[in-house]
Amino acid sequence: MNRDQLRILLPVVSLAVLLAAVFWLQPRAMSYLGLNLLFNLAVPIALATVAQMMIIMVNDLDLSIGTFVSFVACVTATLVQTDPLLGYLVLAAGIAGYAAVGALIHLRNLPAIVVTLGMSFVWGGLAVLILPSPGGASPEWLRSLMTVKPPLVPMAIVASVLIAVVSHLLIRRSSFGVVLRGVGGNPASVERAGWSVLKARAAAYALAGLFGTLSGMTLVGLTTAADANIALRYTLLSIAGVILGGGEFTGGRVSPVGAVIGALTLALASSFLSFMRLSPDWQIGAQGGILILVLAVRLLVGRGRGRRLAA
């Protein structure tokens with residue numbers, strides 16, 4: 001079994017074990033409606049996780065994705081609803097802003113953590129200006145899209161598979177994805193091959209902005225309203241999802257399919273803890289415990305494989 005197969009195996013096993021535990025605690029979850037409820041809110045988390053993966057892929061870390069998703073949700077529930085042209089222009093400007101942040105970080109050699117932390121206050125402030133109090137409304141087409149009921153498999157699972165396939169084809173099967181991963185693995189080689197690292201990093205950030213925008217829009221489609229703080233937890237959830245899915249902070253080593261499965265696992269962990277009647281105050285800590293457990297198993301598996309190869 002090669003490294004990429006091992007990278008995807010652990011998140012798959014983690015999701016399967018957690019799903020089995022949920023079915024054991026609540027057998028009625030083994031139905032079309034039950035699966036839809038379990039994974040319904042996983043779609044925006046999966047999109048935010050893929051957005052974070054784009055940043056981690058180029059060896060950076062985005063601490064603003066949660067507030068950016070909240071900003072997009074506020075724009076979608078207000079401007080897109082009342083003045084669609086202006087709303088979509090604002091969303092496009094947000095994606096362009098993400099690309100500009102990536103270019104600035106590269107040109108000035110700034111630490112991404114500091115810049116994105118500063119941007120989190122910018123996105124948060126804009127979200128409050130647009131929607132000072134919870135409210136707004138989801139556009140009807142978006143609400144209809146997120147509540148559609150395809151035959152056999154719930155929409156949440158269909159959408160998650162679609163996100164995984166599209167991001168996999170983009171990052172793992174295209175020459176563009178090879179260049180982006182090369183920026184995280186060996187930027188000097190990318191430069192020598194004639195590619196602009198500046199443009200590649202800006203493109204990675206633009207893709208993060210695009211997936212972050214889709215995350216905010218789908219979140220509004222599910223909740224039908226917005227709030228300036230609606231997705232603050234997505235920053236930590238997205239980082240955890242990427243790492244849980246086999247990604248690493250350096251070297252451009254990421255797994256798009258694993259990241260989506262990691263996001264599904266974290267969403268399912270929340271339902272699992274609810275079925276155990278664990279207080280919401282303890283659920284975040286328990287989710288962290290599950291993440292640490294999975295990473296510990298991953299480390300042990302990696303060490304075991306390294307010893308076998310050395311022998």
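## Exercises on a helical model

Helix 9 (residues 155–172) packs against helix 10 (residues 175–185) at an angle of about 70°, and their axes lie 5 Å apart. The model is predicted, so local features need pLDDT of at least 70 and side-chain atom pairs count only at pLDDT 80 or more, while totals for chains, interfaces and linings use all residues. Residues are numbered from 1 along each chain as its sequence is written, and side-chain values use heavy atoms, with hydrogens and water left out.

**Exercise 1. Describe how helix 9 meets helix 10, and sort the residues of the contact.**

Step 1: Start with the terms. Helices (H or I, at least four residues) and strands (E, at least two) are DSSP runs, numbered from the N terminus. Two packed helices are described by the angle between their axes and the distance between the axes. Axes are lines fitted to C-alpha atoms, for helices over the stretch in contact, and angles run from 0 to 180 degrees between N-to-C directions.

Step 2: Classify the angle of about 70°. That value makes helix 9 roughly perpendicular to helix 10 (under 35 degrees is roughly parallel, over 145 roughly antiparallel, 65 to 115 roughly perpendicular, and the rest oblique).

Step 3: List the contact, meaning heavy atoms within 4.5 Å. Helix 9 brings Leu170, Ile171 and Arg172, and helix 10 brings Phe176, Gly177, Val178, Leu180 and Arg181.

Step 4: Sort these residues. Five are nonpolar, one is polar and two are charged (Ala, Val, Leu, Ile, Met, Phe, Trp, Tyr, Cys and Pro count as nonpolar, Asp, Glu, Lys and Arg as charged, and the others, Gly among them, as polar).

Step 5: Look at the rest of helix 10. Its buried residues (under 20% relative accessible area; exposed is over 50%, partly exposed in between, with a 1.4 Å probe and protein chains only) are Gly177, Val179, Leu180, Arg181, Gly182, Val183 and Gly184. They pack against helix 3, helix 9, helix 11 (187–192) and helix 12.

**Exercise 2. Compare the span of helix 3 with its expected span, then find its place in the core.**

Step 1: The expected span is 1.5 Å times one less than the number of residues. For the 16 residues of helix 3 (residues 42–57) this gives 22 Å, and the end C-alpha atoms are 22 Å apart, which agrees.

Step 2: Check burial. In helix 3, 16 of the 16 residues are buried, so this helix is largely enclosed by the rest of the structure.

Step 3: Turn to the largest nonpolar core (buried Ala, Val, Leu, Ile, Met, Phe, Trp, Tyr and Cys residues joined through side-chain atoms within 4.5 Å). It has 91 residues, of which Phe39, Met53, Met54, Leu180, Tyr205 and Tyr234 touch the most other members. Helix 3 gives the largest share of this core, 13 residues.

Step 4: Zoom in on Met54. Leaving out residues up to four places away in sequence, Met54 touches Leu170, Ile171, Ala204, Leu207, Ala208 and Phe211.

**Exercise 3. Is Arg201 buried or exposed, and which residues does it touch?**

Step 1: Locate Arg201 in helix 12 (residues 197–223).

Step 2: Its relative accessible area is 11%, so Arg201 is buried.

Step 3: Not counting residues up to four places away in sequence, Arg201 touches Val58, Asp60, Gly102, His106 and Val183.

**Exercise 4. Which residue of helix 7 lies 6.4 Å from Leu63, C-alpha to C-alpha?**

Step 1: The residue is Ile113, 50 residues from Leu63 along the chain. Ile113 belongs to helix 7 (residues 112–130).

Step 2: With a relative accessible area of 44%, Ile113 is partly exposed.

Step 3: Beyond residues up to four places away in sequence, Ile113 touches Leu61 and Leu63.

**Exercise 5. Find where Asn109 and Leu152 sit, and note their phi values.**

Step 1: Recall the background. Most residues other than glycine have a negative phi.

Step 2: Asn109 has a positive phi near 55°. It sits in the loop between helix 6 and helix 7, and at 69% relative accessible area Asn109 is exposed.

Step 3: Leu152 has a positive phi of about 75°. Its loop runs between helix 8 (140–146) and helix 9, and at 81% relative accessibility Leu152 counts as exposed.

Step 4: Add Asn59, just after helix 3, with a positive phi of about 70°.
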